[in-house]
Amino acid sequence: MNRSSIPLVWVSLSCSALLLANLGGCGATDPAQIRHVVIIFQENRTPDNLFHGLPNADIASTGVNSKGQTISLAPVSFTAGYDLDHSHASFLKMYDGGKMDGADTIPVVCTIDPAACDPIPPNAQFRYIDPSEVAPYFQMAEEYAFADRMFQTNQGPSFPAHQFIIAGTSAPTADSNLFASSNPGGVANASNETGCSAPAGEIVAMIHPDGKESLQYPCFEHLTLSDLLDAKGISWRYYTPSAGSIWTGPNAISHLRFGPDWSRNVILQPNQFFADVAQRRLAAVSWVIPTGLNSDHAGGTEAAGPSWVASLVNTIGKSPYWHDTAIFITWDDWGGWYDHVAPPIYNSYEYGFRVPLIVISPYAKPGYVSHVTHDFGSILKFIEANFSLPSLGYADARADDLADCFDYTQMPLKFHDILSPMNADHFIRDQRPPSDPDDD
């Protein structure tokens, strides 16, 4: 029997049973064991902020400010009424040539609750979330693999980050040495209609190799991972709250926004993911983008993000897909929160600060903390290696493939429910219009 013809239910057999049946599937590099990859892309957190006290991980309890003072990280509510600037300019301030002592110079933003900045909380950037508020994340990180050297590839906010997670770059064209470095702007009230659907006059800042900036319309044209998947007939879907959001990566790639993939593979309702799993329509590769309320974005009004992610993971874990799926949960940027680890610097815009990464799979190393350097390109490279795709030649070409987080020779892990205050039914029943990002 050809391995590709093995029914999905057979993949649920233990490694030893597969060997006894002479079906293989236990080799350390056998891609047949992972047939589905799900990327869950949350918002604006660092390991020091979100995973305070995680065992065996490199998590700081103090930081240093621009005056050379040691600041103890203090708790803050997950729904803190303030946000922090996380532009490229703020990256440069906090990084401070590698000294990592400029977090206190990052502006505090109070668009949701102006009272939260009256007065500005002391040491607002040096804060962590109490683990009890994000217990689902801790359960996942402690049961599966967690990476404490995962860096966002870009040195800035959400719009370019969402380009990197689909393409390994925010360049405008394939032969460009520029990077989109900011969220688009220039047209009043156009923040939720950007990319290739933005009105005329919308602009985005581009970083040049020498660090200088220029401006251009935020619609790009180059290959993405979805194109490599299309070329091999491998299915993919991108679940997102709305067409024009800065979080909707395909909207800023011209051939995706205006080609057949837009209506076929871009799903403008994240909750559709639950139905697709239940109805056995899970694509080989899925990106899942949250609504604003479920995103973990600071300054919000709800703390639904951990439950949202737990619901997605539980839906896969309790389905036949569990046995051949790898789930990558990461955050698009650092959100302005303090983090103590200086990133490797490769050029004028790569890398940015650490973000958390949780790797969930029957073949993820249980209770493992990876100290290997990863970035968004690592997720792309994992997919390329797993599905025998060529390299895009961007961040994926330099990145590792997350191999240290997996052990394909281990007995496949049995799934246990991720405990959370809200389950999938809560999100399925939520009839509120999907909310876009409040800023970035």
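These legends accompany a set of close-up views of one predicted model.

**View 1. The whole chain, before we zoom in.**
Welcome to the overview of this predicted model. The chain is built from 13 helices and 19 strands. Its C-alpha trace spans about 65 × 45 × 45 Å along the principal axes. A compact globule of 440 residues would have a radius of gyration near 22 Å, and the value for this chain is 21 Å, which agrees. Of the 440 residues, 59% count as buried. If you like contact maps, take those contacts that join residues at least 6 apart in sequence: 79% of them link residues at least 24 apart.

**View 2. The surface and the charges of the chain.**
About 15700 Å² of the chain is exposed, with carbon and sulfur atoms supplying 55% of that area. The chain carries 23 positive and 47 negative charges, and the mean positions of the two sets are 6 Å apart.

**View 3. Helix H3 and its buried face.**
Helix H3 covers residues 88–95, and its buried residues are His88, Ser90, Phe91, Met94 and Tyr95. Seen down the axis of H3, these buried residues fall within an arc of 155°, so they line one face of the helix. As a reminder, an α-helix has 3.6 residues a turn, so residues three or four places apart point the same way. What lies over the buried residues of H3? The cover includes strand E11 (204–207) and strand E12 (213–216). Just after H3 comes Asp96, with a positive phi near 50°.

**View 4. Phe353 and its neighbours from H3.**
Stay with H3 for a moment, and bring in Phe353 from the loop between strand E16 (325–331) and E17. Is Phe353 buried or exposed? Its relative accessible area is 0%, so Phe353 counts as buried. Setting aside residues up to four places away in sequence, Phe353 touches Phe91, Met94 and Tyr95, and also Met100, Met150, Phe151, Gln152, Trp334 and Pro343. Phe91, Met94 and Tyr95 are among the buried residues of H3. For a distance to try in your viewer, the C-alpha atoms of Phe353 and Gly63 are separated by 15 Å, with their places 290 residues apart along the chain.

**View 5. Leu357 in strand E17.**
Leu357 belongs to strand E17, residues 357–360. With a relative accessibility of 0%, Leu357 is buried. Which residues does Leu357 contact, leaving aside its neighbours within four places in sequence? They are Ala145, Phe146, Ala147, Met150, Phe328, Ile329, Thr330, Ile379 and Leu402. Met150 also appears among the residues touched by Phe353. From Leu357 to Thr325, 32 residues away in sequence, the C-alpha to C-alpha distance is 16 Å.

**View 6. Gln163 within helix H5.**
Here the focus moves to Gln163, in helix H5 (residues 158–167). Gln163 is a buried residue, as its relative accessible area is 1%, and buried means under 20%. Beyond residues up to four places away in sequence, the residues that Gln163 touches are Gly168, Thr169, Ser170, Phe220, Gly249, Ala252 and Ile253. Trp247 makes a handy landmark: Gln163 and Trp247 are 84 residues apart in sequence, and their C-alpha atoms are 8.8 Å apart in space.

**View 7. Two cis peptide bonds.**
Most residues other than glycine have a negative phi, and most peptide bonds are trans. The bond from Asp118 to Pro119 is cis, with omega near 0°. Pro119 sits in the loop between strand E6 (108–109) and strand E7 (127–128). Another cis peptide bond runs from Glu350 to Tyr351, with omega near -5°. Tyr351 lies in the loop between E16 and E17, and this loop also holds Phe353.

**View 8. Positive phi at Asn123 and Arg280.**
This last view turns to the backbone at two loop residues. Asn123, in the loop between E6 and E7, has a positive phi near 50° although it is not a glycine. How much of Asn123 is accessible? Its relative accessible area is 35%, so Asn123 counts as partly exposed. Arg280 also has a positive phi, of about 60°, without being a glycine. Look for Arg280 in the loop between helix H9 (272–278) and strand E15 (285–288). With a relative accessible area of 46%, Arg280 is partly exposed.

Definitions and conventions:
Residues numbered from 1 in each chain as written. Predicted model: local features only at pLDDT ≥ 70, side-chain atom pairs only at ≥ 80, totals over all residues. Heavy atoms only, no water. Helix = DSSP H or I, 4+ residues; strand = E, 2+ residues; numbered from the N terminus. Rg over C-alpha atoms; globule rule 2.2 N^0.38 Å. Buried < 20%, exposed > 50% of the residue type's maximum accessible area, 1.4 Å probe, protein only. Contact = heavy atoms within 4.5 Å. Areas by Shrake-Rupley, 256 points an atom, 1.4 Å probe, with all protein chains shown as cover. Lys, Arg positive; Asp, Glu negative; His and termini not counted. Charge placed at Lys NZ, Arg CZ, Asp CG, Glu CD. Arc of directions from axis to C-beta.
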